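Please look through the report below, which covers some strands and some salt bridges in turn. The sequence and structure come first.

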Amino acid sequence: MSTVTPARRVAFTVVQRVFDDDAYADRVLRAESRSLDERDRALARRLAFGTVQRARTLDHAIETLGKRPVRKLDAPVRDALRLGAYQLAFMDGVPRYAAVNESVELVRQARLERAVPFANAVLRRLADGARELCASLPEGTPLEAALRHSYPDWVAETWWRELGPDDARSLMAAQNEEPETAVRLVRGAIEGREDTLIPGAWIVDRVDEAALAEGRLWPQSRGSQLVGHVVGSEPGERTLDLCAAPGGKATMLAGEVVAVEVDPSRAAKLEENAERLGATGVRVVVADGRELPDELDGFDRALVDAPCSGLGVLASRPDLRWRAMPLPGLQLDLLRSAVSRTRPGGTVIYSTCTSNAEECEDIVDAVVSEGIVEVDRSLGDEWAAFRHDSRPEFLRTLPHVHGTSGFFVARLRVPSP
């Protein structure tokens with residue numbers, strides 16, 4: 001009888017929780033991998049995240065070679081086959097016997113002895129043919145690319161239409177790869193590579209947990225840090241951060257910062273993060289950004305880093321692609337709210353970590369058409385390396401182009417009387 005290595009056991013638990021309990025992969029991994037050493041934790045992350053990301057493609061391989069619809073399988077069998085198929089189709093250096101035997105053992109340990117012969121037979125077929133099958137999938141249309149790269153059809157269709165086929169395919173491929181590890185250096189020194197375009201941004205091999213605990217750095221993608229710099233707050237100014245948790249951008253800002261968060265537990269964590277990072281100017285307010293207290297008014301600047309579908313951060317949030325949905329109604333309400341609380345002549349930054357016009361350019365165009373703000377067209381000149389390719393008044397980072405998370409950024413100005 002085979003044994004299951006700790007990394008594979010943790011990865012299996014993550015996959016199960018994501019698909020059976022609608023849990024978040026990163027949170028489950030964090031909880032389940034605490035007892036693992038650094039090497040096993042990294043392997044568990046790769047196995048779990050890769051399996052969740054590639055689930056659609058893996059299911060196609062399982063159904064093609066296993067001759068049975070995935071929907072008819074017991075959940076533990078399905079998830080064990082997915083985990084094994086990922087190793088066999090997409091990972092190098094994994095012994096065939098380990099991927100097959102340990103996946104079969106996971107089925108046995110789930111007390112599904114009757115399914116063990118089936119799982120064993122399917123995994124051996126996958127070992128023989130999954131890699132070639134997945135590599136040979138076409139990608140000439142949005143729906144073909146969605147299957148090959150494992151995305152919902154609507155995501156592939158959106159990128160195909162808005163970015164063009166080549167960029168859409170490249171973006172899909174990029175967000176199936178392990179993202180870079182970036183941090184913002186708050187104080188002190190650090191080992192890594194400093195970004196030449198975004199002040200304080202560093203690319204590192206791993207996050208220094210001691211430095212994080214001491215508030216000397218903050219894990220934050222370069223795209224996210226770019227947004228904080230665009231706000232441009234100065235000492236003596238008042239800035240409203242309307243969707244502030246967990247606080248990465250709020251703690252970058254100078255002057256008085258009112259950081260709004262609707263969820264009390266996230267707000268408490270935001271306060272803790274601000275204290276750790278020494279951001280003494282940040283005051284946390286628990287409120288709905290659409291229904292702010294009357295006293296929160298007359299700000300010099302506002303930041304709306306709006307909730308969104310998250311299509312720019314799918315590499316680091318593997319389960320998000322299966323639950324993502326556009327939120328234009330909420331985004332419009334939040335942006336209008338921020339504009340209404342910003343003084344005439346003040347600026348409002350609208351940003352999202354997504355890459356679809358419905359939640360980005362269209363939102364800005366809508367509020368501009370209402371006459372309540374004007375676009376500050378100088379933004380693209382200030383950050384030319386990140387200038388939006390078709391709307392140069394905006395910024396856009398794309399994972400396959402800039403190597404960081406995907407963000408859209410617009411700077412708007414409230415007209416003076």
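## Strand pairing

In this predicted model, strand 2 (residues 193-194) pairs with strand 3 in the antiparallel sense, and two bridges hold the pairing. One position can be picked out: Arg193 stands opposite Ile203 in strand 3. Strand 2 and strand 3 form a hairpin, with six residues between them. In the turn, Gly200 has a positive phi of about 85°.

Strand 3 also pairs with strand 1 (residues 181-185). Strand 1 and strand 3 run antiparallel and are joined by four bridges. Here Val183 has Trp202 of strand 3 as its bridge partner.

## The two faces of strand 3

Are the side chains on the faces of strand 3 buried or exposed? Strand 3 spans residues 201-204, and both of its faces are covered. Ala201 and Ile203 lie on one side, Trp202 and Val204 on the other, and all four are buried. Two of these residues have already appeared: Ile203 stands opposite Arg193, and Trp202 is the bridge partner of Val183.

## A salt bridge between two helices

The count of salt bridges comes to 41. One of them joins the side chains of Asp153 and Arg56, at 2.7 Å from N to O. Asp153 belongs to helix 9 (residues 153-163) and Arg56 to helix 4 (residues 55-66), so this pair ties together parts that are 97 residues apart in sequence.

How exposed are the two partners? Asp153 has a relative accessibility of 29% and counts as partly exposed. Arg56, at 27%, also counts as partly exposed. Both values fall between the limits of 20% for buried and 50% for exposed, which means that neither residue belongs to those two classes.

## Other salt bridges

The side chains of Arg290 and Asp288 meet in a salt bridge of 3.0 Å, N to O. Arg290 is partly exposed, with a relative accessible area of 43%. Asp288 is partly exposed too, with 22%.

Arg387 forms a salt bridge with Asp381, and their closest N and O atoms are 3.3 Å apart. Which class does each partner fall into? Arg387 is partly exposed at 34% relative accessibility, whereas Asp381 counts as exposed at 57%. Asp381 is placed in that class because its value is over 50%.

Salt bridges can also link several residues. Asp20, Asp59, Arg78, Asp79 and Arg82 are linked in a network of them.

Terms used: Residues numbered from 1 in each chain as written. Predicted model: local features only at pLDDT ≥ 70, side-chain atom pairs only at ≥ 80, totals over all residues. Heavy atoms only, no water. Buried < 20%, exposed > 50% of the residue type's maximum accessible area, 1.4 Å probe, protein only. Pairing = 2+ DSSP bridges. Salt bridge = Lys/Arg side-chain N within 4 Å of Asp/Glu carboxyl O.
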